[in-house]
Amino acid sequence: MKNIILTGDRPTGNLHLGHYVGSLKTRIEMQNNFEYDKYFIMIADTQALTDNAHDINKIRNNIIQVAIDYLSAGIDPNKVCIFIQSMVPELFELTAYFMNLVTVSRLQRNPTIKEEIKQRGFSTSLPIGFLNYPVSQAADILAFNANVVPVGEDQLPVIEVTNEIVKSFNSSYSQIFNEVKPFVPKSKVCARLPGLDGKVKMSKSAGNAIYLCDDEKTVKEKIMSAYTDPTHIKVSDPGKIEGNIVFSYLDAFANDEHFKKYLPEYKNLDELKSHYKRGGLGDVKVKLFLNNIINDLLTPIRNKRKELEQNIDSVYEILFNGSEKASKFAKENLKNVKKAMGINYKIL
Ligand code: TRP
């Protein structure tokens with residue numbers, strides 16, 4: 001079977017390091033090394049509106065920001081079709097058919113949705129669109145017959161809804177959809193990168209993120225204030241690695257080359273960790289090392305961003321061309337869906 005990859009993000013803010021190790025990095029690796037027939041990345045503006053209906057400007061502005069984040073991080077528009085969800089109306093037609101295959105209570109029991117409803121204070125004012133977003137997400141995926149879906153860990157229960165719809169559709173009508181495989185990073189710390197405060201995962205809403213577009217000074221300030229081990233006061237004190245955010249980030253970002261370049265007195269992360277645990281290694285030294293690593297990652301991204309910001313029209317053109325291509329492809333697939341359902345009246 002040919003692989004079709006589809007993934008996406010809600011344009012509610014700039015992408016941060018959690019997005020980078022949690023999905024963007026995998027996406028770029030897939031773009032370069034994975035066998036695929038088609039590859040789509042969707043900017044999910046319609047989904048973002050399900051909890052931002054009154055904040056259109058935020059979504060509108062972040063569409064271009066997320067697109068710049070993708071392109072500056074290394075997504076190649078010649079290999080990947082980047083598109084805007086609301087510009088592919090076929091997705092919403094398919095959503096309408098899928099809505100009849102899922103119950104309200106099933107969605108209300110979904111752990112991700114349940115948690116998100118709580119976080120947003122939606123318990124007594126739940127928008128129908130929000131509850132329905134996993135169904136709409138199934139349409140995003142199946143409109144393209146995608147079988148490979150790289151996502152963050154919290155999206156696994158949402159993808160489960162897609163697979164339930166696949167089963168239900170195939171048994172109700174005819175077998176046209178394949179099971180969808182979510183791809184999450186194997187490394188635990190990458191699948192759920194903690195925030196700078198060490199409390200919850202990195203996110204815009206928690207205000208504990210390092211953004212791909214942060215400048216050098218901002219990154220350094222953030223890293224120097226990151227949560228470490230509060231009992232590690234003097235350099236000579238033994239330190240804890242567990243829950244120490246700086247070491248979590250080193251787990252996610254450091255490699256042996258970084259040690260050669262910036263800390264040649266250590267061979268690798270294990271040696272650095274042992275020294276920290278023994279005592280005699282200060283936080284500042286470790287933080288400055290991390291800062292170098294993050295800057296090595298972000299410098300080329302920042303430079304590319306500057307270039308793209310000079311040419312915003314070309315970024316919009318990529319999005320509009322991508323959306324047109326995506327719409328054409330989805331339209332073809334939708335014909336098969338309607339045929340499978342027996343609602344292709346004109347041809348009957
Ligand atoms: N729900 C995803 C997120 O918040 C975004 C998304 C929308 C998506 N449609 C998708 C992801 C389809 C993968 C496939 O990150």
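**Exercise 1. Find which residues Asp 214 is in contact with, leaving aside its neighbours within four places in sequence, and describe its place.**

Step one is the list of partners: with neighbours within four places set aside, Asp 214 is in contact with Ala 209, Val 219, Lys 222 and Arg 302, where contact means heavy atoms within 4.5 Å. The model is a predicted one, in which local features need pLDDT of at least 70 and side-chain atom pairs count only at pLDDT 80 or more, while totals for chains, interfaces and linings use all residues. Residues are numbered from 1 along each chain as its sequence is written, and side-chain values use heavy atoms, with hydrogens and water left out.

Step two concerns one of these partners, since the side chains of Asp 214 and Lys 222 are joined by a polar contact of 2.7 Å. A polar contact is a pair of N or O atoms within 3.5 Å; within protein, one must be able to donate a hydrogen and the other to accept it, and residues adjacent in sequence count only if both atoms are side-chain atoms.

Step three places the residue: Asp 214 lies in the loop between helix H10 (188-191) and helix H11 (216-224). Helices (H or I, at least four residues) and strands (E, at least two) are DSSP runs, numbered from the N terminus.

Step four asks about cover: Asp 214 has a relative accessible area of 10% and is therefore buried, given that buried means under 20% relative accessible area, exposed over 50%, and partly exposed in between (1.4 Å probe, protein chains only). Finally, His 16 is 198 residues away from Asp 214 along the chain, yet their C-alpha atoms are separated by 8.9 Å.

**Exercise 2. Work out where Ser 203 is found and what its side chain reaches.**

First, Ser 203 is found in the loop between H10 and H11, and at a relative accessible area of 16% this serine is buried.

Next, leaving aside neighbours within four places in sequence, Ser 203 is in contact with His 16, Asn 208 and Ala 209. Its side chain makes a polar contact of 3.4 Å with the side chain of Ser 205, and the side chain of Ser 203 also reaches the backbone nitrogen of Ala 206 at 3.1 Å.

**Exercise 3. Decide how many residues of helix H12 are buried, and what they pack against.**

Begin with the count: helix H12, residues 245-253, is mostly covered, as eight of its nine residues are buried. Among them are Ile 245, Phe 247, Tyr 249 and Phe 253.

Then look outward, where the buried residues of H12 pack against helix H1 (17-33), H10, helix H13 (256-262), helix H14 (269-278) and helix H15 (283-309).

Last, consider the start of H12, where a side-chain oxygen of Asn 244 comes to within 3.2 Å of the backbone nitrogen of Val 246. Asn 244 itself has its place in the loop between H11 and H12, and at 1% relative accessibility this asparagine counts as buried. Leaving aside neighbours within four places in sequence, Asn 244 is in contact with Tyr 227, Thr 228, Asp 229 and Tyr 276.

**Exercise 4. State whether Lys 325 and Asn 145 count as buried, partly exposed or exposed.**

For the lysine, the place is helix H16 (residues 312-341), and at 54% relative accessibility Lys 325 counts as exposed. Val 88 is 237 residues from Lys 325 in sequence, and the two are 9.3 Å apart in space, C-alpha to C-alpha.

For the asparagine, the place is the loop between helix H8 (133-142) and strand E4 (148-150), and at 30% relative accessibility Asn 145 counts as partly exposed. Its phi is near 55 degrees, a positive value in a residue other than glycine. Most residues other than glycine have a negative phi.

**Exercise 5. Explain why the protein chain counts as compact as a globular protein of its length.**

Start with the elements: the protein chain has 16 helices and five strands. The radius of gyration is 22 Å, close to the 20 Å that the globule rule gives for 348 residues, so the protein chain is as compact as a globular protein of that length. Here the radius is taken over C-alpha atoms, and the globule rule is 2.2 Å times the number of residues to the power 0.38.

To complete the picture, 51% of the 348 residues of the protein chain count as buried.
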